[in-house]
Amino acid sequence: MTSSTATSVMTGAKAPAARPRSLMAIVLRDTVSQLGARLAVAWIGLLILGAVFGPFIANSFPLIARVDGRWESPMWRYLVPTDVVLLVVFIATIILCGVRQMTVPVKVGIVIWLLALVIPLALWAVLARDLSWYRHEYGTGLVVISLGVAFGLDLAVLVLVPLKLPLSSRQWTILGLFAAALTGILVLHPVKPPTTIIYDQYRELGRAGRMQFSLPAPVPYSPTDRLRDQPDAQLLAPDTRHWMGTEINGADVFSRMIHASRVALAIGFIATGIAIVAGCAVGGVMGYFSGRVDMLGMRLLEIFEAIPTLFLLISCVAFFGRSLYLVMVIIGLTSWSGYARFVRAEFLRLRNQDFVLAAIAAGLPLRSVLFRHMLPNGLVPVLVSASFGVASAILSESVLSFLGLGLIDEPSWGDLLNQATGQGGTFTWWLAVFPGLAIFLTVFSYNLIGEALRDALDPKLRDGASD
Amino acid sequence: MEPSAQPILDVRNLSVAFNSGPRQITPVRDVSFSIYPGQTVALVGESGCGKSVTALSILRLIPSPPGRVVQGTVGFGGRDLLSLPEPEMRGVRGGKIAMIFQEPMTSLNPVYSIGEQIAEAIVLHQRVKTAQAYEIAEQALRDVGIADPARRLQEYPHVLSGGMRQRVMIAMALSCRPQLLIADEPTTALDVTIQAQILELLRKLQRETGMAILLITHDLGVVAENADVVNVMYASRIVESAAVEDLFDRPMHPYTAGLFRSVPKLGARAERLAAIPGTVPNPAQFPGGCKFHPRCARARELAARAAAEATTEIMSDGESFRVPRRCASEEPLLREMEPRHWAACHQVAGYDEKPPTEPRIEHKRASVVQVDGEVTA
């Protein structure tokens with residue numbers, strides 16, 4: 001490695017031969033050095049690729065086409081804001097992974113800043129178009145307030161995050177140019193998918209001979225393309241055209257599988273993320289202050305543990321209607337108690353550790369002691385159980401979809417599984433095997449990663465790194 | 001060094017209590033001592049005598065609950081640290097009073113590099129930019145004798161040895177130029193050669209910066225080589241407080257005398273090492289009167305000589321013994337038996353003539369003291 005590290009850039013010192021490895025880096029390396037964990041990471045990686053590049057892989061619209069002598073990219077035109085945001089964040093993350101001069105928190109900060117920049121830019125055209133509909137539906141006041149709050153928060157992130165990022169002027173320039181280019185592209189070519197989507201459109205054009213050239217996506221069917229131009233497209237068995245057959249409404253199963261990975265990943269990560277944040281906050285306070293606070297916190301945990309998640313989910317879906325975000329929030333808010341217990345136990349142990357005492361004795365404020373010095377050391381069992389938590393969140397969503405309470409029209413593995421058994425007692429094997437396998441592999445992968453993480457952390461703890 | 005009139009730290013009548021189940025135990029009772037600028041004051045005693053709790057309560061670091069200071073003041077710079085608001089207290093901790101701990105292996109946070117840990121405190125107390133803080137941290141590492149400090153700053157604690165980590169801890173503690181360093185058994189966990197290096201380093205840094213040191217230890221050798229003033233603690237109280245030469249020359253309290261007898265001497269032939277009989281009492285059940293009387297050889301000897309003045313006591317294991325009635329009923333307080341020499345024992349000659357006072361010893365050694373009591377120039 002020839003480039004100097006972040007701190008030596010700051011001190012102007014000579015670059016060391018090799019950057020010393022942090023404990024976390026060693027643990028991470030040990031985790032992925034196990035074969036099972038590698039396969040699991042590969043599978044999750046595939047899912048991430050499917051989630052980000054879904055519209056590129058499975059799309060009824062050609063990637064590039066020449067219609068009536070004009071070149072165009074129908075696929076780009078039909079991209080929705082979510083697709084664009086995911087794409088930008090994915091590319092930025094890949095670039096940042098290659099940068100070695102920054103610490104991980106700085107990279108996370110940059111990604112958060114880019115998110116704050118890209119989301120409003122990708123959303124504004126769609127929002128502007130649908131504004132009158134929202135005002136009609138929710139009332140002007142509510143729309144103005146919620147937009148104002150969202151915009152204010154976004155602006156705060158955009159302004160405050162750069163103040164905290166210790167970047168060199170060269171890094172600032174590169175980031176600034178990237179952001180400016182992104183802004184330029186998204187303002188000049190706003191993300192504005194047509195409101196009415198006619199999937200047959202380009203197939204008709206092809207049949208009419210008006211398309212001189214077309215480069216179709218590898219799977220030339222969108223997940224919600226019901227193949228209305230093709231008679232009897234429902235429940236076709238797998239063949240060369242539909243690799244995994246079609247489902248009950250005639251949509252291509254493989255395409256739905258690919259696009260469903262977005263839902264599967266999102267539900268796992270966001271629900272678990274909510275649970276971890278809530279669990280760390282409550283558990284940390286309980287463990288650090290102990291005594292009466294701990295006693296009250298424990299009772300709160302017991303109350304939350306007494307809530308049957310699945311029944312709450314079913315009643316909420318019945319009451320508020322079907323929403324992916326609602327499901328995420330409910331799963332998150334009912335599963336944090338386990339993390340809180342872990343964090344509490346860790347904090348009770350860490351509270352008596354010398355380095356925590358040393359941090360307090362160095363005059364560091366409570367915020368720093370709790371979240372900078374104690375939390376990263378107490379996060380270990382949380383991370384292990386989080387990988388199992390992600391798996392169980394995916395299962396919860398699948399169960400909900402299987403019960404027919406999942407998302408409407410959004411592709412989901414559980415929803416496909418649900419269609420495997422028809423009303424007439426029929427059993428469609430391809431609707432059971434493929435989504436079932438995907439759920440199984442994903443849950444299994446998270447469990448493997450959790451196991452590997454636990455194995456990697458164990459010897460480190462024994463070697464006295466923190467004990 | 002010319003002694004100044006004002007002590008930098010003035011602990012008066014400090015008592016600390018812990019709630020332990022239904023009972024309340026008091027591991028520190030009526031402790032008073034002073035530290036003058038540039039002085040090294042030792043707090044000596046067995047495990048569990050309350051010396052670490054005393055040190056922690058100076059910085060208000062005892063876990064609360066269950067612990068709390070029930071009485072006393074800790075004067076520092078004209079203010080009572082015990083009644084200071086928390087934000088100001090944070091400025092004192094690390095900034096004006098720094099502390100190093102017994103276990104260098106666990107005193108550094110395993111998830112941050114050395115540089116990040118030192119720089120965080122520097123940024124906080126000296127209000128400098130991160131880049132400057134790293135420069136100060138690098139200099140601090142150089143000051144404690146760490147080779148290639150720029151590279152060490154980027155390393156993580158798990159690659160460093162125990163002695164190295166203790167050096168880092170000292171560098172971290174001293175990077176903000178504190179007026180007082182509290183060293184809680186700084187060398188106990190280190191092997192002997194490293195111990196000597198660390199103590200030599202502390203002496204050197206003290207000469208350079210003029211800071212005061214509160215040295216907490218159970219090692220009389222460490223005391224003899226480093227301390228100016230020694231406070232001997234036994235079962236929650238200071239039982240003897242004296243300038244180091246006087247203490248090693250003429251220990252007055254039988255406990256102190258017993259400690260000296262139990263130190264092995266080079267060249268002396270002995271079948272067994274002399275030991276103080278019995279064990280340190282549990283803070284939950286301290287004996288009445290003088291807390292040392294059940295183990296005190298002098299008390300038994302005197303009781304044997306003057307039987308009329310004595311009383312019989314039965315220990316928990318059934319053994320009975322006789323001690324002077326006064327030792328068993330009345331708690332002795334510190335009295336200035338000689339200039340710069342306080343002791344708390346009824347049986348020291350002339351104890352009754354002196355009034356009980358709180359020790360303040362402004363003394364700076366000029367010599368090396370040896371454990372067997374001889375003072376050499």
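This is a short walk through the predicted model shown above, going from chain A as a whole to a few residues and then to a helix in chain B.

Okay, let's start with chain A. Its secondary structure comes to 19 helices and 3 strands. If you lay the C-alpha trace along its principal axes, it spans about 80 × 55 × 55 Å. Does that go with a compact globule or against one? Well, for 467 residues a compact globule would have a radius of gyration near 23 Å, and chain A comes out at 25 Å, so the two agree.

What about the inside and the outside? Of those 467 residues, 47% are buried. The chain exposes about 23400 Å², and carbon and sulfur atoms supply 69% of that. On charges, chain A has 35 positive side chains and 29 negative ones. The centres of those two sets sit 10 Å apart.

Now, how does the chain fold back on itself? Take the contacts between residues at least 6 apart in sequence: 73% of them join residues at least 24 apart.

Ala217(A) is a nice one to zoom in on here. You'll find it in the loop between strand E3 (211-215) and helix H10 (253-289) of chain A. Is Ala217(A) buried or exposed? Its relative accessible area is 5%, under the 20% cut-off, so it counts as buried. And who does it touch? Setting aside neighbours within four places in sequence, Ala217(A) is in contact with Phe56(A), Ile57(A), Ala58(A), Asn59(A) and Leu63(A). From that same stretch of numbering, have a look at Ser60(A): it is 157 residues away from Ala217(A) along the chain, yet their C-alpha atoms are separated by 7.4 Å.

On to cysteines. Cys280(A) is buried, with a relative accessible area of 7%. Cys316(A) has 14%, which is also under 20%, so it is buried too. How many disulfides does the structure hold over all chains? The count is 0. As a reminder, a disulfide is a covalent bond between the sulfur atoms of two cysteines.

Last stop, chain B. Helix H1 there runs over residues 51-58, and it is mostly covered, with 7 of its 8 residues buried. Which ones are they? Lys51(B), Val53(B), Thr54(B), Ala55(B), Leu56(B), Ser57(B) and Ile58(B). Then, just after H1(B), you meet Arg60(B), which takes a positive phi of about 55 degrees.

Technical notes
Residues numbered from 1 in each chain as written. Chains lettered and ligands numbered in written order. Predicted model: local features only at pLDDT ≥ 70, side-chain atom pairs only at ≥ 80, totals over all residues. Heavy atoms only, no water. Helix = DSSP H or I, 4+ residues; strand = E, 2+ residues; numbered from the N terminus. Rg over C-alpha atoms; globule rule 2.2 N^0.38 Å. Buried < 20%, exposed > 50% of the residue type's maximum accessible area, 1.4 Å probe, protein only. Contact = heavy atoms within 4.5 Å. Areas by Shrake-Rupley, 256 points an atom, 1.4 Å probe, with all protein chains shown as cover. Lys, Arg positive; Asp, Glu negative; His and termini not counted. Charge placed at Lys NZ, Arg CZ, Asp CG, Glu CD. Disulfide = S-S within 2.5 Å.
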